[in-house]
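Load the model in your viewer and keep a selection prompt open. The stops below go from one pair of helices to the whole chain.

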Amino acid sequence: MFEQKKNEISVSRKDTLNKFQKKLGIKFKNLSLLNLAFYHRSVMNELGKASSGHETCNERLEFLGDAVQDMIVATYLYEKLPNQSEGFLSQVKSVVVSEPSLAQIALDIGVKNCLVLGHGEEKSGGRDKKAILADCVEAVIGALYLDQGFKETEKFVLSLMIPRIENVLHNHGQKDPKTLLQEWFQKEKKMCPRYELVSTTGPEHQKVFNVVVHLGDKVVGPECGFSKKEAEQKVAQLALNKMKID
């Protein structure tokens, strides 16, 4: 477990961290863990420090927090939505824990004010980068898990996620299949679906368009429609219905 002498945190820094904790209703036993969660790797890169068995930035905490967060959200969805398919649960989870969602959470809870960035990253607008903000939220979750265990971390994560889960469930029917498929596939595979028109049939005044969607090395379809847009929506829905996580 990460250890850092408490006197290495300045008085002003402690004040910043305590304000963050107070806002969220949490209290770290080891404040150094919370402090580390806000240290971006750019700080250590500029100092020329490489990891050599000592924690130097928040990347390992982010790795842990990502796994803990996913388990908490997946368990909550599994228990809350007993009649929904695995594909539907995956769609909801992917939106809730996506980079844009976590970045907005970061802004809501005040992560931006606690971030510690290297000069170059700060100058390039790193404090507003969604990836940095989202990763920092996961690092805070990882730090809390190490500091206080699963139950307290579960309470914290659900306090952040349940409002977003409810929002996704409320708006789910308003999102078209292409949007839902893209959100899921970008989260899970870091890629975008690719639609391909494979053929057209019928007379000129009543053409039927046949479209497939490429999800990495997998192909779903074809589905047909009286326009490319209609066919793309249909094949996206087919992909959502068949969706499985490998």
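Which residues in α4 meet which residues in α9? Bear in mind while looking that this is a predicted model.

**Stop 1: α4 and α9**

Select residues 59-80 for helix α4 and residues 150-171 for helix α9. On the α4 side, pick out Val 68, Gln 69, Met 71, Ile 72, Val 73, Tyr 76, Leu 77 and Lys 80. Their partners in α9 are Phe 150, Thr 153, Glu 154, Val 157, Leu 158, Met 161, Ile 162, Ile 165, Glu 166 and Leu 169. Coloured by class, the residues of this contact come out as 13 nonpolar, two polar and three charged.

Now fit axes to the two helices. They come within 9 Å and cross at roughly 60°, which makes α4 oblique to α9. The crossing of α4 past α9 is right-handed.

**Stop 2: Glu 166**

Stay on helix α9 and centre on Glu 166, which lies in it. Is Glu 166 buried, partly exposed or exposed? Its relative accessible area is 35%, so Glu 166 counts as partly exposed. Show its contacts, leaving out neighbours within four places in sequence: Glu 166 touches Tyr 76 and Lys 80. Both of these belong to the α4 side of the contact from the previous stop.

For a distance label, add Gly 25. Glu 166 and Gly 25 are separated by 141 residues in sequence, and their C-alpha atoms are 22 Å apart.

**Stop 3: α4 and α5**

Keep α4 selected and swap α9 for helix α5, residues 86-96. Which residues of α4 meet α5? They are Asp 70, Val 73, Ala 74, Leu 77 and Tyr 78, and the α5 side supplies Leu 89, Val 92 and Lys 93. By class, this contact holds six nonpolar residues, no polar ones and two charged. Val 73 and Leu 77 of α4 take part here and also in the contact with α9.

The axes of α4 and α5 come within 10 Å and cross at roughly 135°. The two helices are therefore oblique to each other, and α4 passes α5 in a right-handed crossing.

**Stop 4: the cysteines**

Next, show cysteine sulfurs. How many disulfides does the structure hold? The count is zero. Begin at Cys 57, which is in no disulfide: the nearest cysteine sulfur belongs to Cys 136 and is 11 Å away. Cys 57 is buried, at a relative accessible area of 11%.

Move on to Cys 136. This residue is in no disulfide either, and the nearest cysteine sulfur to it, that of Cys 114, is 7.8 Å away. Since a disulfide needs the two sulfur atoms within 2.5 Å, the pair does not qualify. With a relative accessibility of 0%, Cys 136 counts as buried.

**Stop 5: the whole chain**

Clear the selections and switch to a cartoon. The chain has eleven helices and three strands. Where do the strands fall along the sequence? Reading along the chain gives α-α-α-α-α-α-α-α-α-α-β-β-β-α, so the strands come before the final helix.

Zoom out to a C-alpha trace, which spans about 80 × 40 × 30 Å along its principal axes. Colour by accessibility: of the 246 residues, 45% count as buried. Finally, draw the contact map. Among contacts between residues at least 6 apart in sequence, 57% join residues at least 24 apart.

Conventions. Residues are numbered from 1 along each chain as its sequence is written. This is a predicted model: local features need pLDDT of at least 70, side-chain atom pairs count only at pLDDT 80 or more; totals for chains, interfaces and linings use all residues. Side-chain values use heavy atoms; hydrogens and water are left out. Axes are lines fitted to C-alpha atoms, for helices over the stretch in contact, and angles run from 0 to 180 degrees between N-to-C directions. Helices (H or I, at least four residues) and strands (E, at least two) are DSSP runs, numbered from the N terminus. Angles under 35 degrees count as roughly parallel, over 145 as roughly antiparallel, 65 to 115 as roughly perpendicular and the rest as oblique. A crossing is left-handed if the near helix is turned anticlockwise from the far one by less than a right angle, and right-handed if clockwise. Contact means heavy atoms within 4.5 Å. Ala, Val, Leu, Ile, Met, Phe, Trp, Tyr, Cys and Pro count as nonpolar, Asp, Glu, Lys and Arg as charged, and the others, Gly among them, as polar. Buried means under 20% relative accessible area, exposed over 50%, partly exposed in between (1.4 Å probe, protein chains only).
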